[in-house]
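Me: Please take a close look at one part of this model: a strand in the middle of a run of pairings. Tell me what partners it has, what covers it and what empty space the model encloses.

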Amino acid sequence: MPIPTPRAFPATRLRRNRASDFSRRLVRENQLTPDNLIYPVFVLEGEDQREPVPSMPGVERLSIDLLVEQAAELVELGIPAIALFPVVAAEKKNLSGSGAWDSDGLAQRAVRALKKAHPDLGVITDVALDPFTTHGQDGIIDSEGYVLNDVTVEALVNQALSHADAGADVVAPSDMMDGRVSAIRDALENAGYVNTRILAYSAKYASSYYGPFRDAVGSAANLGKSDKATYQMDPANSDEALHEVAMDLSEGADMVMIKPGMPYLDIVYRVKTELQVPTFVYQVSGEYAMHMAAAQNGWLDGEAVMMESLMAMRRAGADGILTYFAVRAARLMRDRQG
């Protein structure tokens with residue numbers, strides 16, 4: 001049946017439903033709740049340790065004990081999952097990133113502590129070598145500095161298995177190597193981890209918005225003036241993103257990620273509309289830093305633009321949003337509900 005053509009003004013006044021709060025709420029097309037939020041966290045060695053991230057006001061690196069304490073509030077607020085990123089000491093980095101699959105590594109110990117204290121909180125782990133390599137790349141490099149695909153995939157499989165062994169609910173390969181989802185899925189199945197989910201960073205762009213994150217995990221100095229353009233996606237491309245996502249789904253991904261967020265909402269929309277799969281987006285460190293800087297300077301209303309940006313991601317089709325605003329946004333939603 002064809003959609004009827006609305007009558008012309010004044011029979012049709014689109015402002016009518018905007019005139020009152022109750023009707024705006026009734027006809028609202030998208031909803032944002034704590035269920036849509038994932039909180040990225042940085043974990044460091046030691047006990048009772050916290051370090052602010054200068055380029056990300058309000059964000060801290062926490063030792064495992066303090067992270068477990070903070071996670072209690074996430075559970076209380078109804079945030080379903082945490083995304084874990086280790087801050088690795090320089091002496092534990094090497095060319096191959098072999099510390100990534102150390103069964104007693106920082107990420108693995110953090111997973112065990114979180115699952116013991118908060119078994120119902122989802123724990124998502126980052127599968128990539130950049131925190132563990134002396135060169136700051138996400139994989140193993142050759143003599144020319146080129147990241148080698150297949151040998152890196154072997155290392156990522158080891159890393160993912162070590163995370164599953166520790167109790168991770170979701171492993172999230174963020175490296176952008178070809179074929180890594182298939183290799184990880186096969187390894188998980190063979191090891192009996194049939195319910196360990198894979199959140200594939202399927203459309204991760206070679207973006208300039210990642211700077212504060214690299215500061216937070218300590219990979220910026222190692223990377224230096226190098227870039228990741230040979231494996232992360234070209235910001236000019238969108239059709240390619242659909243191919244990347246479709247490939248990862250065919251290899252066994254349960255959920256897919258688009259990264260960064262607001263500059264790539266067209267990609268989020270295309271993936272959700274054309275493929276209709278669980279679609280996540282990462283509101284990355286640079287996006288967070290810009291919002292915070294503008295708010296601290298009084299140029300923008302911090303709470304208002306925070307919530308508007310998150311709603312924009314939901315409107316584009318994101319089911320889950322990784323955001324450093326997760327706790328602040330969930331508190332605000334709780335307080336508004338009274």
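Reply: Thr-125 stands opposite Val-171 in S6. That contact belongs to a parallel pairing: S5 and S6 are joined by four bridges (a pair needs at least two DSSP bridges). This is a predicted model, in which local features need pLDDT of at least 70 and side-chain atom pairs 80 or more, while totals for chains, interfaces and linings use all residues. Residues are numbered from 1 along each chain as its sequence is written, and side-chain values use heavy atoms, without hydrogens or water.

Between S5 and S6 the chain passes through helix H4, residues 149–166. This β-α-β crossover is right-handed (clockwise from the first strand over the helix to the second, with the strands pointing away from the viewer). Helices are DSSP runs of H or I with at least four residues, strands are E runs with at least two, and both are numbered from the N terminus.

S6 also pairs with S7. The sense is again parallel, over two bridges. Val-171 takes part here too: its bridge partner in S7 is Ile-198. The chain gets from S6 to S7 by way of helix H5, residues 180–190, and that β-α-β crossover is right-handed.

Now the faces of S6. In a regular strand, side chains alternate between the two faces of the sheet. S6 spans residues 170–173, and both of its faces are covered. Val-170 and Ala-172 are buried on one side (under 20% relative accessible area, 1.4 Å probe, protein chains only). Val-171 and Pro-173 are buried on the other.

Ala-172 also helps to line the second largest cavity (1 Å grid points where a 1.4 Å probe fits but cannot get out; lining residues have an atom within 4 Å of a point). Its volume is about 30 Å³ (the space filled by probe spheres on points joined across faces, edges and corners). Thr-125, the residue opposite Val-171, is in this lining as well. The other lining residues are Ala-83, Leu-84, Phe-85, Ile-124, Asp-126, Tyr-201 and Leu-322. Strands S4 (81–86) and S5 (122–127) each give two or more residues to the lining.

The model has two cavities of 30 Å³ or more. The largest has a volume of about 110 Å³. It is lined by 13 residues, and Asp-130, Lys-204, Phe-213, Lys-228 and Lys-259 are the closest to its centre. S7 (197–204), the pairing partner of S6, returns here: S7 and helix H6 (211–217) each supply at least two residues of this lining.

Technical notes: 1 Å grid on protein atoms, 1.4 Å probe; cavity = no way out; pocket = protein on both sides within 12 Å on 5 of 7 lines; lining within 4 Å. Buried < 20%, exposed > 50% of the residue type's maximum accessible area, 1.4 Å probe, protein only.
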